Amino acid sequence: MIGRAPRWPIVILGIVAVIWVIPIIGIVMTSIRPLAETSRGWWRIDSFTLTLSAWERVWETWPLAPAFVTTAVLAVIATVGTMLLTPAAAYAFHFLRFPFRRLLLIIIINAFVLPQQVVIIPLFQLWRDLGLIDNFLAVLIPYVGLSFAWSIFLVKNFLEDFPAEVVEASRIDGARPLQTFWHIVLPNSLAPVFATGILQFLWTWNALLLPLLYLRTNVPLPVILARINGTYELNWDMQSVAAIITTVVPLLVFLVFQRQFAAGAETRSGAKD
Amino acid sequence: MQESVARQAAGSRSDVSPKSRGERLFAAGWRTRDWPAAWLLLAPVLVLFGIAVVFPLVDTIRLSFFDTRGLSKPKFIGLGNYVKLFTDPAFRDTLVTTLIFTLSTTIVSVGIGWMLAMLSAFAPRQTLPFRVMIFAAFGISEAVAGYMWIGILRPDAGGLLNAVIGIFQPGFAQPWLGDPRTALGAVIVAAAWGGVGLPLMLCFASVQAIPKSLFEAAYIDGASHWQVLRSIMMPLSLPGVRVAVFINLLGALRAFDIIYILTGGGPVRSTETVGYFMYRESMTQFKLGYGAAATVVLLVAVLIVSVPAIIQRTAGAR
């Protein structure tokens with residue numbers, strides 16, 4: 001920032017950063033070395049053997065491949081659902097006038113403070129009564145429904161900078177509200193819709209609590225990881241592989257899109273307006 | 001980019017106040033004709049939001065006034081669940097645990113994130129890879145982060161923490177997660193590990209937003225780096241800190257995943273926060289009404305923390 005940047009902040013940050021990745025290095029090392037070596041500590045290097053044995057055996061031991069598919073299906077459907085419905089609602093709230101508009105808006109955008117714990121008991125009873133336990137809808141509905149609390153705020157925020165003149169002009173040219181949304185507003189709001197999608201994808205991929213309670217047979221990766229973790233078997237090598245598989249997709253998405261993520265998370269939490 | 005195009009087309013935003021825009025659209029004849037389109041666009045959102053948010057919220061509050069144990073019909077017991085909660089020593093311990101966990105996680109995460117943000121502002125470009133490394137921990141889900149920390153907090157000498165202490169004290173083996181005296185601290189460390197990334201980014205953005213001329217002037221006047229850090233960076237990055245504190249408080253209050261993976265609330269409920277207590281009572285003990293009452297307590301705590309944010313959002317909702 002200034003011509004004479006001191007060296008010590010760089011050194012301190014470097015040390016902290018190295019400490020910060022130690023847990024990540026830990027599971028990678030545990031996953032690629034034989035258990036006999038790592039059971040006394042993955043950081044020991046008195047003997048070092050590289051093996052992919054755990055990476056091969058893990059697929060037969062636990063249903064990671066179907067869980068990966070389940071996770072991807074759930075995350076993609078929930079993400080697409082949020083990305084389609086959010087801009088429609090944000091457009092209606094911002095450009096259209098209808099009864100109870102402001103009341104509904106205030107209720108929705110303040111719901112972001114609600115913790116997930118509020119949802120679980122009533123929805124558990126509802127899904128049980130409807131026979132939806134173990135049905136993907138049991139998690140997809142709350143995934144998408146809960147997302148509106150932050151996603152609509154995020155997209156509507158963007159629309160406040162959207163030129164009202166353009167919307168007016170389309171109206172004068174005879175476009176109906178729905179046509180204006182589809183041809184004018186939506187194509188020009190892809191950036192916030194995309195940011196919303198990234199946040200939703202990460203959140204649904206990593207979700208543990210809702211699928212833990214509402215799904216039984218086809219469960220996503222975090223639930224598998226939690227189950228494995230509860231077994232107390234000495235198979236840290238395969239557990240580490242499972243942990244890596246669980247986190248690799250969201251971690252990559254996160255690192256590639258971290259800018260959108262930081263901006264989105266800020267808006268999501270009500271910090272920005 | 002689309003945003004900038006849109007802005008150019010609109011000229012500056014300030015001359016289009018929301019009210020006059022609404023009036024103009026109204027004058028152009030778009031008001032009652034809006035209704036069908038608006039309800040059509042909103043219908044799926046309102047239905048899903050109703051099922052996933054409004055119904056559970058109302059129903060949780062309703063259930064908290066009922067005794068739901070056993071197979072008999074739920075019985076209305078007024079404030080019975082709440083009376084029981086606050087006379088239950090386990091719940092009182094849970095409240096203390098929640099307070100310690102929430103405050104410690106937030107202070108540690110935001111404290112470290114803020115310090116690192118200011119340090120990296122001295123050399124933003126050279127420290128970028130380090131910031132990404134620290135931020136990456138935030139991109140790892142709590143479940144996986146918890147699993148990673150189990151490897152470090154292992155009770156035997158194969159755990160990294162025990163091994164490091166073992167250098168000075170051979171044979172050291174502390175069951176960090178299995179000892180009620182250290183378990184909460186261990187969970188806090190693991191949660192804070194992932195929690196530093198966002199404060200770091202938010203505070204860094206705040207420091208970056210400080211006008212460069214202030215730093216130039218300070219250095220010309222002979223200020224030391226330490227003085228710049230203390231008198232310019234610290235006070236002027238407070239907006240970012242405030243946001244980070246709020247986000248981390250909310251996140252810590254609703255914590256579940258990391259506690260579930262690391263300790264399951266144990267040993268002897270020493271790591272059980274209110275957000276975990278409600279899960280245990282309702283989903284493993286099937287005391288739904290009792291769990292609902294605990295959820296309402298959690299909700300009150302969340303609302304207290306969120307009052308400024310809610311006021312801000314409600315005032316800004318146009």
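**Helix packing in a two-chain predicted model**

The crossing of helix 5 of chain A and helix 16 of chain B is right-handed. This is a predicted model.

Q: Why are helix 5 of chain A and helix 16 of chain B called roughly antiparallel?
A: They pack at an angle of about 150°. Angles over 145 degrees count as roughly antiparallel. Helix 5 of chain A and helix 16 of chain B are therefore roughly antiparallel to each other. Their axes are 10 Å apart.

Q: Which residues make the contact of these two helices?
A: Helix 5 of chain A brings I106(A), I109(A) and N110(A). Helix 16 of chain B brings I310(B), R313(B) and T314(B). By class, that contact has 3 nonpolar, 2 polar and 1 charged residues.

Q: What makes helix 5 of chain B oblique to helix 10 of chain B?
A: Helix 5 (residues 89-121) of chain B and helix 10 (residues 197-208) of chain B pack at an angle of about 40°. Roughly parallel needs an angle under 35 degrees, and roughly perpendicular runs from 65 to 115. An angle of about 40° fits neither, so helix 5 of chain B is oblique to helix 10 of chain B.

Q: How many residues of the contact of helix 5 of chain B with helix 10 of chain B are charged?
A: None is charged; 11 are nonpolar and 4 are polar.

Q: How many residues of chain B are in contact with chain A?
A: 103 residues of chain B are in contact with 96 residues of chain A. The largest share of that side of chain B, 20 residues, comes from helix 3 (residues 34-63) of chain B.

Terms used:
Residues are numbered from 1 along each chain as its sequence is written. Chains are lettered from A and ligands numbered from 1 in the order in which they are written. This is a predicted model: local features need pLDDT of at least 70, side-chain atom pairs count only at pLDDT 80 or more; totals for chains, interfaces and linings use all residues. Two residues are in contact if their C-beta atoms, placed from the backbone, lie within 7 Å. Helices (H or I, at least four residues) and strands (E, at least two) are DSSP runs, numbered from the N terminus. Axes are lines fitted to C-alpha atoms, for helices over the stretch in contact, and angles run from 0 to 180 degrees between N-to-C directions. Ala, Val, Leu, Ile, Met, Phe, Trp, Tyr, Cys and Pro count as nonpolar, Asp, Glu, Lys and Arg as charged, and the others, Gly among them, as polar. A crossing is left-handed if the near helix is turned anticlockwise from the far one by less than a right angle, and right-handed if clockwise.
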